[in-house]
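Reader: Could you walk me through this model and tell me what stands behind the words you use for it?

Author: Gladly; here it is.

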Amino acid sequence: MTRDDTPAAPGRLQLFMQTLRHLNPSKQSIVWVLLLLIGLFIAGMWVISTLNLNFSQKAMSELREVQLEEVFYANLDRINAQHRLLENYTDDLARLGELFWHLQQQTDAQQAREFEGALLEKLRDFPDAFGAGVWFESGAFISDGIYHGAFAYRGDGAEPVLMSLAEAGLMDYRSQPWFEQAMPKDWSSADRDLQAFYWTPAYYNPVSGAAVLTLVKPMYARSGELIGVVTTDWHAERVIDLVSQVEVTPNTFAYLIDRNNRRLSALSEIDDSEQALQVMDVILQERLIDSLNERIQTLLPGLQQRGVTMQHHRLAVDGREYELSFAATSADMLFGIGVPRDEIDAVLQPMRSSNFHILLLTGLVMLLLSGVILYKVVGLMRQLQASYTDELTDLPNRARLLLDFGRQPGGSLLLINLDGFKEINALFGHACGDYVLRVLAGWLRSFIENNRHLGPVRLYRLTADEFAILGPDSSQKKMQKYLHALNDYLQRRSLIWQDQEITIGVTLGAAIHPPDQSTASVSQDSMITWARFALKQARLQQKNYVIYDLDQRIEDAYEYNLLWARRVKEALEDDRILPFFQPIHDNRSGQITKFECLVRMRDESGEIASPGQFLDVARKLRLDRQLTRIMVEKSLATFAHTPYEFSINLSYADLLDQDLSHFIIQKLDETGLGKRIIFEILESDGIENYQEVRRFIDEVKRRGCRIAIDDFGTGYSNFEHLLRLNVDLIKIDGSLIRNLDSDPAAFSVTQGIVNFARSLNMETVAEFVHSDAVQEKVRYLGVDFSQGAHFSMPQAELVTVSEVQQPIRQD
């Protein structure tokens, strides 16, 4: 024999998944659709929030870009405005030089001094210029080029410093450092462009001793010949001051690069000088000026077209990204602004944070609401599922079986009933009983799983100790094979409960849908009824299993029960339950001294129905207590004004009914007829609770009643009844009395009962006395009272002693 452990009961954490798994596909679809809708809703909120954030970020970024562009162009315009001032100043200076050239006709020191004074005055009037010079061509003057020009610059003092070119040895301006850097390589004196200005990159001017940018403009005579050039120097410090005024974010920086890719300015807002130099070095390495040098000539005329001139470039330094905006100035330089990308994005952070909190809060609220809704829906489904599921074994229950029957008409049904389940509960407790049921459920699952070749089936638990297997259509032979395999499998099982081995026995009953009948003609109730009847037959025949035989026609018996159930209920409602009375003859006095009250029912047509027709049905409907009440009440009313004793039959179930017991005792107290009443307790009823029965007997005996044991001589607990119930009379069973004159064994048993009763001071009554011969034997044995057809059958009226003239024989 094998020993199996019970499968563990499902934990609460698995309840949701088990509920979902056990739901039918349509209900599972509902749950999944709800989950999908919740997911889609949350995803939709996320997408909408993301789109809204992206749109807002884009709008803010565009606004920020516009702000940066405005700052950039404002500073670029400021730089170019400074360039134009220098160009205007240089243009005025050129006109001064040309005017001087036209006025001088001869070498005159006085004119030279006037010219130098005008040059100094011009430099004083324009503080943005660091230096100014007029440079004449050799031979430009009639007096053999004695005068070649002048140059003035701002020194350390307040007044400009004036230098005569001749005195300083600077007469050949083409040898000056600014000329080669400013003038194009292919420039010649024949290239006459009255509007042209030429800028140099930044360089060190040894004359003024400063780092400057020089603006050069040629001078021409009215005849068009080149007579020289004028220059204006712009000090590098002024360039730095101009660029350093740019401010966008805390770490924004501005820069100015000449066309030779040399830095002209510091990084204005970066406090860390080392970092500033590192950033500037990376910018110079990018050689942004190269992308502009090729376009400078085309860009200069279109400086006002901002969308064309400004360029963008991204730069990464030590893991930090910078957004660079740059363009060419009118001085052929590159002006740019650099803004850290994270500081541009910083303005979006409050928006992102606000959006995240809104999304988080809304998401949490929606998750909470969705969770509540889903919890309620799943709870309702769980309750619905619980109505179709057995909680102990997690198997479908009887309601689900009936539902599946409707979806699968026909087929076969097998019932498995656990033997001795009440005894298991009584001996080991209900915890053991639950354990046994779970183990049996596990065994049945295992058998079904391992025998799928016998056909697809489904397992159910119906009542406390009953399981069912619903299968497809099957033949008698296949079902026989299946039952044999299942019975053999279960007989080899055993289990251990608290170190105690318990052997499990089962009885099987099966029903097969008749192959010659349509599914519509066989209801699900019929299949269950057939299987249960087969189970009952297996127990009666002490077989392991039985398959229902259609020839047994149990439907007729059920229809009969339904008919009498209706008749009993109607009789109770119409007060058609009445007592009949059978006289009891005193063999010592020869008189009728007692009557037994027997229940009868009058049907709709007035005919009298015997107890054999309706009493069993009434017991199954639990109407027998009501019948007993009626019998007690009507019997007491009948004998209230007579001198006779009378007996009333009580079953073991009647004695345990507290309400009925109180009713009987109340009637005894009201009528005072206790001394004439005998309560007959059916000996064939199995008495288990002697304490409750004895309590009732003691109560009625205190009121003068006597107790009789009916049908004495049957069963196995006769003498125990006599000793424990304080019995006064013994009614000897009719199966012994009926054959008393012809069966020596019956005679001997009856004689023993009479002698035993006499020894206990108990009176005896012989039932079913139907002839003179039997009555003679009864008298011979010394039985105290006789009752039966020999004297009278039960009548609606009392048969008195004067009316008994001849023995009444049974038809």
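**Pocket, cysteines and sheets**

Author: The largest pocket has a volume of about 980 Å³. Please keep in mind that this is a predicted model.

Reader: What makes a residue part of the lining of the largest pocket, and how many residues line it?

Author: A lining residue needs an atom within 4 Å of a pocket point, and 35 residues line the largest pocket. Nearest its centre lie Glu 596, Leu 598, Asn 649, Leu 682 and Asp 710.

Reader: Which helices and strands each supply at least two residues of that lining?

Author: Three strands do, S21 (591–602), S23 (645–650) and S25 (706–712), along with helices H19 (611–620), H20 (624–639) and H21 (652–656).

Reader: What is the make-up of the lining by class?

Author: There are 16 nonpolar, 11 charged and eight polar residues. Leu counts as nonpolar, Glu and Asp as charged.

Reader: Turning to the cysteines, why is Cys 432 called buried?

Author: The word applies under 20% relative accessible area. Cys 432 has 0%, so the term buried fits.

Reader: And how do you know whether Cys 705 is buried or exposed?

Author: By the cut-off of 20% again: Cys 705 has a relative accessibility of 4%, and therefore counts as buried.

Reader: How many disulfides does the structure hold?

Author: Zero. A disulfide would need two cysteine sulfur atoms within 2.5 Å, so the count of zero says that no pair of cysteine sulfur atoms meets that limit.

Reader: Now the sheets. What is the strand order in the open sheet of five strands?

Author: The order is S14-S15-S13-S18-S19, and the pairing is mixed.

Reader: Why are strands S14 and S19 said to stand at the edges?

Author: Strand S14 (458–461) and strand S19 (545–547) each have a single partner strand, so one side of each has no neighbour in the sheet. From one strand to the next, the twist averages 15 degrees.

Reader: How do you know that strands S13 and S15 pair?

Author: Pairing takes at least two bridges. Six join S13 (residues 412–418) to S15 (residues 466–471), so the two strands count as paired, and they run antiparallel. Leu 415 stands opposite Ala 468 in S15.

Reader: What about the open sheet of four strands: what is its order, and which strands are its edges?

Author: Its order is S9-S12-S11-S10, with antiparallel pairing. S9 (253–257) and S10 (311–317) are the edge strands, each pairing on one side only.

Reader: What makes S10 and S11 a pair?

Author: Seven bridges link S10 with S11 (residues 320–328) in the antiparallel sense, so the requirement of at least two is met. Tyr 322 in S11 is the bridge partner of Leu 315.

Notes
Residues numbered from 1 in each chain as written. Predicted model: local features only at pLDDT ≥ 70, side-chain atom pairs only at ≥ 80, totals over all residues. Heavy atoms only, no water. Axes fitted to C-alpha atoms, helices over the stretch in contact; angles between N-to-C directions. 1 Å grid on protein atoms, 1.4 Å probe; cavity = no way out; pocket = protein on both sides within 12 Å on 5 of 7 lines; lining within 4 Å. Points joined across faces, edges and corners; volume = space filled by probe spheres on them. Buried < 20%, exposed > 50% of the residue type's maximum accessible area, 1.4 Å probe, protein only.
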